[in-house]
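Colleague: Could you take me on a close look at a single part of this model, the surroundings of the ligand? I would love one connected account.

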Amino acid sequence: MNPLPNDAWFTEVFDSHASAFSLKVSEKLLDVQSPYQHLEVYATETYGNLMVLDGCVMLTDRDNFLYHEMIAHPALFTHQDPKRVVIIGGGDCGTLKEVLRHPGVEHVTQIDIDEEVTKAAERFFPSLVESNDDPRAELLFADGVKWVDDAPGESIDVLIIDSTDPVGPAEGLFKTDFLKRCHRILKNGGVMVQQSESPLYHSGSIIRELRHDMREAGFNSVATLPFPQPVYPSGWWSVTLAGKETDVNHFREDAAADHDMPLQYYTRDAHRGALVLPPFMRNALA
Ligand code: SAM
């Protein structure tokens with residue numbers, strides 16, 4: 001569509017940590033300014049297609065399984081019997097696909113503010129949207145903060161916040177007030193999970209504050225699970241789980257070991273290992 005010179009690279013600069021990540025790109029496939037954000041898709045030489053929002057890498061074909069499996073399966077195997085699941089953000093539909101692998105899930109509502117992200121996934125990341133026709137899936141395009149406000153209390157088993165970084169449209173998704181509202185719509189025994197940035201860069205700041213705010217919001221237990229994510233700042237990422245009248249440091253280990261989902265990263269042992277935080281994180285989070 002729009003071939004680039006032979007030596008073209010896409011680079012995301014992380015000013016706050018004076019570092020950067022680059023991929024060699026061969027073509028620009030899409031460049032759209034939506035009402036909410038600037039969306040680009042590139043063809044890369046070795047990572048498949050790349051989605052970028054406001055200059056930040058969202059996902060690539062090659063490594064998105066790490067993020068999508070780790071934001072979905074730890075939460076779903078922690079809940080005792082997840083039936084009603086809500087995803088805020090997640091417009092690329094990769095998380096939705098992972099959630100729908102769980103046969104006990106009866107209904108999943110995904111609320112992304114920006115329909116352009118889903119349209120781009122349909123065109124350039126077909127494997128991520130392959131479960132969108134599942135009759136259990138409902139796709140809405142609206143502000144997740146408002147949707148949570150309007151949802152009935154104690155109506156959801158698992159709430160997944162699959163958002164962009166805490167700036168722009170996603171800023172409100174990292175505020176204590178929002179977490180309180182999330183707590184309100186979860187049933188007792190409910191589990192919330194939020195993508196929580198880099199363990200290396202953000203343990204002493206965003207992750208620590210999020211865990212504190214989750215407790216302030218009424219959640220009785222929290223657990224941060226780190227995992228590799230080569231294309232995100234520092235190459236390392238995390239999700240933070242919070243439980244409403246349930247302990248998110250324990251999960252259904254037998255079910256996590258005995259299923260027929262074709263997963264590429266998540267295993268019972270990966271989940272166990274992720275719950276054991278490295279000492280530097282324990283210190284930073286204390
Ligand atoms: N870090 C994740 C990844 O790379 O897989 C992010 C994926 S997903 C593309 C993040 C989504 O959050 C975007 O599609 C964006 O439109 C959505 N988003 C941001 N703020 C939102 C809000 N207030 N309500 C609903 N969706 C929101």
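Modeller: Happy to; what follows goes from the ligand site to the strands and helix beside it. Please keep in mind that this is a predicted model.

Let's start with the space itself. The ligand takes up the largest cavity. Among the elements, helix H1 (64–78) and strand E7 are those that give two or more residues to the shell around the ligand. That shell counts 24 residues, and the ones that come nearest are Gln37, Met58, Asp112, Gly144 and Tyr232.

Two of these nearest residues also make polar contacts with the ligand. For Met58, a backbone N or O atom lies 2.2 Å from an oxygen atom of the ligand. For Asp112, the partner is again a ligand oxygen, with a polar side-chain atom of Asp112 2.7 Å away. Asp143 reaches a nitrogen atom of the ligand instead, and a polar side-chain atom of Asp143 lies 3.0 Å from that nitrogen. As for cover, the ligand taken alone exposes 590 Å², and the protein buries 99% of that.

Now let's follow Asp112 into the fold. Strand E7 spans residues 107–112, so Asp112 is its last residue by the DSSP run. E7 pairs with strand E8 (residues 137–141) in the parallel sense, over five bridges. In that pairing, Asp112 stands opposite Phe141 in E8. Helix H3 (residues 115–124) joins in here: E7, H3 and E8 make a right-handed β-α-β unit. Asp112 thus brings the two parts of the picture together, with its polar side-chain atom 2.7 Å from a ligand oxygen and its place opposite Phe141 in the strand pair.

Terms used. Residues are numbered from 1 along each chain as its sequence is written. This is a predicted model: local features need pLDDT of at least 70, side-chain atom pairs count only at pLDDT 80 or more; totals for chains, interfaces and linings use all residues. Side-chain values use heavy atoms; hydrogens and water are left out. Two strands pair if DSSP finds at least two bridges between them. Helices (H or I, at least four residues) and strands (E, at least two) are DSSP runs, numbered from the N terminus. A crossover is right-handed if, with the strands pointing away from the viewer, the path from the first strand over the helix to the second runs clockwise. A residue is near a molecule or strand if one of its heavy atoms lies within 4 Å of it. A polar contact is a pair of N or O atoms within 3.5 Å; within protein, one must be able to donate a hydrogen and the other to accept it, and residues adjacent in sequence count only if both atoms are side-chain atoms. Accessible areas come from the Shrake-Rupley method with a 1.4 Å probe; for residues, only the protein chains shown count as cover. On a 1 Å grid over the protein atoms alone, a cavity is a set of points where a 1.4 Å probe fits but cannot get out, and a pocket is an open set with protein on both sides within 12 Å along at least five of seven lines; lining residues have an atom within 4 Å of a point. A molecule sits in a cavity or pocket if more than half of its atoms lie within 2 Å of its grid points.
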